[in-house]
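Subject: Structure for your review

Dear colleague,

Please find below the structure that I am handing over to you. My findings follow it.

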Amino acid sequence: MTAAIWNGATIAQSDETVVVEGNHYFPPGSVNMEFLRPSATTTACPWKGIARYHSLVVDGETNEDAAWYYPTPSAAAANIAGYVAFWKGVEVN
């Protein structure tokens with residue numbers, strides 16, 4: 001079982017993550033959306049497409065843009081559509 005933990009809270013947990021470029025992408029249903037807040041941030045990956053971000057909010061603390069996902073990835077990354085990955089101090093193990 002792989003978990004994403006930040007500020008003492010389990011943000012996501014699944015045994016069905018997809019690893020792409022060293023990042024675990026969690027299935028949408030395994031993410032505790034109560035901790036995520038939409039962000040206006042986007043980035044472009046040459047082969048995956050446009051990523052959108054969420055900030056994490058746990059116990060009044062915010063981790064800006066610490067989660068990202070590809071709502072409509074390219075065909076090459078179709079297997080991670082809607083899956084969520086983490087960074088910025090989020091422990092994934």
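Does Y25 count as buried or exposed, and why? The model is a predicted one, and in it Y25 has 1% relative accessibility, so Y25 counts as buried, the cut-off being under 20%.

Aromatic contacts

The count of aromatic pairs comes to five. In one of them, Y25 and W68 meet edge-to-face, with 6.0 Å from centre to centre and 90° between the planes. This pair links distant parts of the chain, since Y25 belongs to strand 4 (residues 23–25) and W68 to strand 7 (residues 61–69), 43 residues apart. W68 is buried, as is Y25.

Y25 also pairs with Y70: the ring centres are 6.5 Å apart and the planes stand at 40°, so this pair is tilted. Because Y25 lies in strand 4 and Y70 in the loop between strand 7 and strand 8 (84–86), the pair ties together parts that are 45 residues apart in sequence. Y70 has 5% relative accessibility and therefore counts as buried. One aromatic cluster is formed by Y25, Y53, W68, Y70 and W87.

Strand pairing

Strand 7, which holds W68, pairs with strand 6 (residues 49–58) in the antiparallel sense over six bridges. Here N63 in strand 7 is the bridge partner of L56. The hairpin of these strands has two residues between them, and D59 takes a positive phi near 50°. Strand 7 and strand 8 also run antiparallel, joined by three bridges, and V84 in strand 8 stands opposite Y69.

Yours sincerely

Technical notes: Residues numbered from 1 in each chain as written. Predicted model: local features only at pLDDT ≥ 70, side-chain atom pairs only at ≥ 80, totals over all residues. Heavy atoms only, no water. Phe/Tyr/Trp six-rings, centres within 6.5 Å; stacked < 30°, edge-to-face > 60°. Helix = DSSP H or I, 4+ residues; strand = E, 2+ residues; numbered from the N terminus. Buried < 20%, exposed > 50% of the residue type's maximum accessible area, 1.4 Å probe, protein only. Pairing = 2+ DSSP bridges.
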